[in-house]
Amino acid sequence: MAPSSSRSAPSIGRANGFSLVEMLVVLFVIGLLASVVVLSMPGDERILRNEAERFAARTIAARDEAIVGGAPVALVVGPAGYYFQRRVDGAWQALPGKGFDLAAWKQGTQATVAQPGGRGRIVFDTLGLASGDGAVRLERGDRHLILRIARDGKVTLDAA
């Protein structure tokens with residue numbers, strides 16, 4: 001009788017590792033997840049649009065505050081950011097309240113005020129009328145949007 005070995009011969013059909021189909025499925029899932037991450041990251045256009053919409057909403061709220069509060073409200077825009085003031089007892093004071101405080105432009109965003117006289121101040125009176133026509137051009141990368149304020153107090157946001 002031949003000595004028996006406790007080891008059996010390895011099976012030829014069985015191999016260690018992954019099949020080609022399994023590898024392709026894993027690569028497909030990784031590629032799908034990577035594309036979701038890349039598409040969900042905000043680009044310059046989305047950041048600019050969000051900032052411009054926030055600026056427009058705050059400007060409209062300031063106009064409404066002038067009407068409801070019964071005192072003129074000024075929008076002051078500069079290259080670093082913008083803020084709002086209220087006319088009280090003949091002097092301009094910071095407009096109190098959340099949303100009316102100093103708001104800086106996001107890093108990479110540039111603002112240019114296009115208004116007659118080159119001023120960066122527009123005043124809304126107690127009827128909601130603006131002191132003059134004005135426009136603020138926001139730029140980020142090669143994208144830009146323009147916030148326009150009409151004499152009648154209408155605030156619009158459009159691509160130029």
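Me: Which side chain is joined to that of R86 by a polar contact of 2.3 Å?
Reply: This is a predicted model. R86 is found in strand β2, residues 81-88. Side chains of opposite charge can pair when their charged atoms come close. R86 forms a salt bridge in which the closest N and O atoms are 2.3 Å apart, and the partner is E65.

Me: How many residues apart are R86 and E65 in the chain?
Reply: R86 forms a salt bridge with E65. The pair links distant parts of the chain, with R86 in strand β2 and E65 in helix α2. The separation is 21 residues.

Me: Is R86 buried or exposed?
Reply: Buried means under 20% relative accessible area. The relative accessibility of R86 is 18%, so R86 counts as buried.

Me: How does E65 count at 25% relative accessibility: buried or partly exposed?
Reply: The range between 20% and 50% is called partly exposed. E65 has a relative accessibility of 25%, so E65 counts as partly exposed.

Me: What distance does helix α2 reach from its first C-alpha to its last?
Reply: Helix α2 covers residues 44-69, which is 26 residues. At 1.5 Å a residue, 38 Å is expected. The model comes close to that, with a reach of 37 Å.

Me: Which residue follows α2?
Reply: Helix α2 ends at residue 69. The residue that follows has a positive phi, near 70°. That residue is G70.

Me: Is L33 buried or exposed?
Reply: L33 lies in helix α1, residues 20-40. It belongs to a nonpolar patch on the surface, along with V21, V25, F28, V29, L32 and V36. Exposed means over 50% relative accessible area. The value for L33 is 55%, so L33 is exposed.

Me: Which strands hold R148 and D158?
Reply: R148 forms a salt bridge with D158, the closest N and O atoms being 3.4 Å apart. The two lie 10 residues apart in sequence, so the pair ties together separate parts, strand β8 for R148 and strand β9 for D158.

Me: How many salt bridges are found in the whole structure?
Reply: One of them joins E139 and R137, with the closest N and O atoms 2.9 Å apart. Another joins R148 and D158. A search of the whole structure gives a total of 5.

Me: How many strands does the chain have?
Reply: From the N terminus on, the elements begin α-α and continue with β elements. The secondary structure comes to 2 helices, and the number of strands is 9.

Key:
Residues are numbered from 1 along each chain as its sequence is written. This is a predicted model: local features need pLDDT of at least 70, side-chain atom pairs count only at pLDDT 80 or more; totals for chains, interfaces and linings use all residues. Side-chain values use heavy atoms; hydrogens and water are left out. Helices (H or I, at least four residues) and strands (E, at least two) are DSSP runs, numbered from the N terminus. The expected span of a helix is 1.5 Å times one less than its number of residues. Buried means under 20% relative accessible area, exposed over 50%, partly exposed in between (1.4 Å probe, protein chains only). Patches are made of residues with over 30% relative accessible area and no salt bridge: like charges are joined within 9 Å, nonpolar side chains (Val, Leu, Ile, Met, Phe, Trp, Tyr) within 5 Å. Accessible areas come from the Shrake-Rupley method with a 1.4 Å probe; for residues, only the protein chains shown count as cover. A salt bridge is a side-chain nitrogen of Lys or Arg within 4 Å of a carboxyl oxygen of Asp or Glu.
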